[in-house]
Amino acid sequence: MASAHRADATAPEAKSIGSDDYSLSRVPRDKRFGFWSMLLQWLAQSGSISQFTLGATIGVGMTFGDAFLAFTLGAVILEIVIFAIGLAGMREGLATPMLTRWTGFGRNGSALVSFVIAVSLVGWFGVQNTIFGDSVSALVGGPSWMWCVIAGIAITALVIFGFRYMALFAKIVTPLFFGMVAWSIITTLNDHSVSELISSPPPGEAIPLAVAATAIAGGYMTGAIVSPEMTRYNRKGSHVFVQSASSMILSEYIVGMVGVLLGHLVKSSDVSHIVLSTSGAFGVMVVLMSTAKINDWNLYGSSLGVVNFFQVVFRKRLHRGVVTVVLGIAGTLLSAVGIMTHFTEFLSLLGVMIPPIGGIIVAEYWVVKRMRKPLDDTREAETLPPTSPTWVPMSLVIWIVAFCVGKFYDGGIPALNSLATAFLLYCALGLLGWVKPYGTSTLDDEEGTASAPAARTTTPAGAA
């Protein structure tokens, strides 16, 4: 019986493309990564020119002190969310789509969660690929669609082979990016007084603190909700905290605040040329590689969502590597023909739908604890629970209410408003006994579970 519940690790290996990466099972503890490999994965998420641009945008409209306060508020919010959800993912070894089966949504509800996450992330993969192609075209010439295709193929090829190769890529790109950026920034600021830049007034129209915090926290909230996709490969809860906090410090306080100084210096949010113009062709290459390193997580998270969605809805076990190929081709082609930029408003709408998922996960897993007992009972054996709730209707009601609050309430930070609403409502109604599961689904009845592709038994590349 237990062997079916851990099919990824025990079934005969099926020939397929790439790595399935435990898409429908727990990540075994002996297949997880060491502290330094995971730290570089986290830090790689901070290595983006867009974060400098965000800092510069805020710097144009805020003093250095006010910008520091805005980044602090955003970083604290994000770290709380990442740690609360990421720690659950680390303990259970499960990605967000699978985790939701026993943390408030049930089996069928997890399919809805998976669909929203998959569409959102593959959409942003296409949008980022379009921005990537346009940027390279402007810098070195050539048609934008060609660079979109090249970038899309490269990222898809990386993600096909899963987490261990993404970790190896992070080991290469992360030090190069921050070394190159540090050299460029030091060169640029060397002829200017940093103290004068810190004390200088904002050169543009004032930006309210709430608006700045919204841009900082809201912009990465979806990434925070799907953090279990990464933390399920962690070995210790303390690692999750230290690594995510390190990423926040680097991203917000160092990259973001340097961006504020650059915004004060050039009196514009367009600061990417500073890094690119002072580092030559090598710098351009490193920046492009770092952008690819961030965008690979969009495609990776989307593939995990699609695998869970198909198993629940169609009772069909898909291999994550094959799903990655299909999603990568679709996102690449749509970005190449310029369609994806027309969907940014729709993707932003999905972005408001995702934070309540995190609120419900945290409330059920850490506070209410009405559905997580099967996870507790099977954690040591590293198997999946044999059953899960089929539906949790009240969770869907809470999800809708929280979405409406985030979408239509004008005060505060929309992403945080929707997340907090879902958390508080679920805690209150759950502790009152109003959140009840209906029906029971048996894992053994799901078509394809017993014949799932086997896990790779080799030591992960770059594991420390």
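Angles between helices are sorted as follows: those under 35 degrees count as roughly parallel, those over 145 as roughly antiparallel, those from 65 to 115 as roughly perpendicular, and the rest as oblique. The model on screen is predicted, so local features need pLDDT of at least 70 and side-chain atom pairs count only at pLDDT 80 or more, while totals for chains, interfaces and linings use all residues. Residues are numbered from 1 along each chain as its sequence is written, and side-chain values use heavy atoms, with hydrogens and water left out.

**First stop: helices 4 and 14**

Select residues 49-61, which form helix 4, together with residues 237-266, which form helix 14; helices here are DSSP runs (H or I, at least four residues) numbered from the N terminus. Their axes lie 6 Å apart and the two pack at an angle of about 55°, where axes are lines fitted to C-alpha atoms over the stretch in contact and angles run from 0 to 180 degrees between N-to-C directions. Helix 4 and helix 14 are therefore oblique to each other, and their crossing is right-handed (the near helix is turned clockwise from the far one by less than a right angle; anticlockwise would be left-handed).

Now show the side chains of helix 4 that meet helix 14, among them Gln51, Phe52 and Val60, with contact meaning heavy atoms within 4.5 Å. On the side of helix 14, the partners include Glu252, Val255, Leu262 and His264. The residues of this contact divide into seven nonpolar, eight polar and one charged, where Ala, Val, Leu, Ile, Met, Phe, Trp, Tyr, Cys and Pro count as nonpolar, Asp, Glu, Lys and Arg as charged, and the others, Gly among them, as polar.

**Second stop: helix 17 and its two partners**

Next select helix 7 (residues 106-140) and helix 17 (residues 344-353). The axes of helix 7 and helix 17 come within 10 Å and cross at roughly 140°, and the two are therefore oblique to each other, with a left-handed crossing. Residues of helix 7 including Val116, Trp124 and Val127 meet residues of helix 17 including Phe346, Leu350 and Met353; this contact has eight nonpolar, four polar and no charged residues.

Keep helix 17 and add helix 20 (residues 393-408), whose axis is 8 Å from that of helix 17, at an angle of about 125°. That makes helix 17 oblique to helix 20. Here Leu349, Val352 and Met353 meet Trp399, Phe403, Gly406 and Lys407 of helix 20.

**Last stop: helix 9**

Finally, select residues 163-189, helix 9, and look for its bend of about 25° at Ala170, the angle between axes fitted to the seven residues ending there and the seven starting there.

Note on methods:
Expected span 1.5 Å × (residues − 1).
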